[in-house]
Amino acid sequence: MIKILGRLLKFIFKAVLFLFLIVVILAVFFGVIAFSEKALLPRDYYFYQLHPIAENAMIYLLVVPIVTCFGVMYGRFRGRGDESLKEMYELFFVWRLFYKGRLILVVLWLFCLYSCFASATVVTEEKIICHSPLHPSGTSYSYSDVTQIHAGFGQKRFALLEYQEKGNFYYQIELGGKKKTFSIPSVNGDIERYMDETYLELEDFDRRLVLLGIPKQASDEGWEACDLDSEYVERFRRIISY
C-alpha cells in the first residue's frame with residue numbers, strides 16, 4: 001500500500017512538473033511577444049504582419065519545446081523499454097545529450113523568438129515601418145514610396161507559405177525593392193472598427209494606396225476556394241477590383 005501510494009505521489013509530482021513546464025514555455029513565448037509589441041510597435045499603429053517565414057517558424061518554436069517536454073516526461077514515466085514510445089525516448093535522449101548546454105539552447109530559443117517578431121511590417125496612419133532583427137527600430141516609408149500592389153488568392157494545393165495555399169487571400173506591396181505580404185494581419189486592439197470588422201484594415205489601406213495612383217496587379221482567380229465567410233470573400237474581391 002505504501003509503495004502504491006509512493007508511486008502515485010511520484011506520478012502526480014511529475015505530472016504537475018510537466019504541466020508547470022508547459023505553462024512556463026507558454027508564458028515565456030507570449031511574454032516575449034508582448035514585450036516585443038510594446039518595444040517595436042508605435043501606439044498609433046493600425047496593423048502589422050510578420051514575415052511569412054517568421055510566422056511558420058514561431059509555430060515550431062512553440063510546438064517543439066512542448067513536444068520535447070512531453071517526450072522527456074514520458075521517458076521518465078514509462079522507462080526506456082517500451083518500443084511503442086521509441087520516438088518519445090529519442091526526444092528524452094536528445095534532451096540528455098544537450099542538457100549541459102541547456103542555457104545556450106534557451107538563449108538561442110529566445111533569440112529566435114525575437115528574430116521572428118522583429119521581422120515585422122507595421123502600418124500606421126502616415127507610414128509603413130519595416131523592421132528586421134538587425135534593424136529593430138525599423139525603416140520608415142511613406143505610403144507614396146510603395147511602387148506596386150499585388151492582390152489575389154493562392155493557387156497552390158501544397159505550399160511552404162500559408163498565403164500561397166489555394167483559396168488564401170494575400171495582399172502584397174513592393175517597398176524598398178522588396179515585397180511585403182499581408183494575409184492575416186494583427187490589428188491594434190484600441191481601434192474598435194478593426195476589431196469589429198475583420199480585414200477592414202486591408203480594405204482601408206488599399207483604398208489609400210490606390211488613391212495615390214499606385215499601380216495594382218490583381219486577380220480574383222480561385223476565389224471560390226476561399227472557405228471564409230462570404231462577407232470576407234466579398235471584401236477581398238472589392239480590394240482586388242478597386
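So, Tyr232: at 17% relative accessibility it counts as buried, where buried means under 20% relative accessible area, exposed over 50% and partly exposed in between, with a 1.4 Å probe and protein chains only. Tyr232 sits in helix α7, residues 230–241; helices here are DSSP runs of H or I with at least four residues, strands are E runs of at least two, and both are numbered from the N terminus. Leaving out neighbours within four places in sequence, Tyr232 is in contact with Thr198 and Tyr199, contact meaning heavy atoms within 4.5 Å. And Glu197, 35 residues away in sequence, is 9.2 Å from Tyr232, C-alpha to C-alpha.

Quick word on what you're looking at. This is a predicted model, in which local features need pLDDT of at least 70 and side-chain atom pairs count only at pLDDT 80 or more, while totals for chains, interfaces and linings use all residues. Residues are numbered from 1 along each chain as its sequence is written, and side-chain values use heavy atoms, with hydrogens and water left out.

pLDDT is the predictor's confidence in each residue, from 0 to 100. The protein averages 82, and 76% of the residues score at least 70. Over residues 80–85, though, pLDDT is below 50, and that stretch has 8 contacts in the model beyond near neighbours in sequence. Where pLDDT is low, the predicted coordinates should not be read in detail.

Overall, we have 7 helices and 9 strands. Of the 242 residues, 38% count as buried. Taking contacts between residues at least 6 apart in sequence, 58% join residues at least 24 apart.

Now the sheets. One is an open sheet of 5 strands, in the order β4-β3-β2-β1-β8, with antiparallel pairing; strands pair if DSSP finds at least two bridges between them. β4 (135–142) and β8 (186–187) stand at the edges with a single partner strand each, so one side of each is left without a neighbour in the sheet. β3 and β4 pair over 5 bridges, and Lys127 stands opposite Ser142 in β4. Helix α6 packs on this sheet, touching β1 (45–50), β2 (120–124), β3 and β8, and its direction makes about 105° with that of β1. For those angles, axes are lines fitted to C-alpha atoms, for helices over the stretch in contact, and values run from 0 to 180 degrees between N-to-C directions.

The other open sheet has 4 strands, β7-β6-β5-β9, with mixed pairing. Its edge strands are β7 (178–182) and β9 (216–218), each pairing on one side only, and the twist averages 20° from one strand to the next. β5 and β9 run parallel, joined by 3 bridges; Ala151 has Ala218 in β9 as its bridge partner. α6 packs here too, touching β5, β6, β7 and β9, at about 40° to the direction of β6.

So what's inside? The largest nonpolar core has 29 residues, and Phe169, Ile173 and Phe205 are among those with the most contacts inside it. A nonpolar core is a set of buried Ala, Val, Leu, Ile, Met, Phe, Trp, Tyr and Cys residues joined through side-chain atoms within 4.5 Å. β3, β5, β6, α6 and α7 each give two or more residues to this core, and α7 gives the most, with 5. Ile173 touches, among others, Ile128, Phe182 and Leu209. There's also a second, separate core of 18 residues, including Tyr48, Met58, Cys116 and Ala120.
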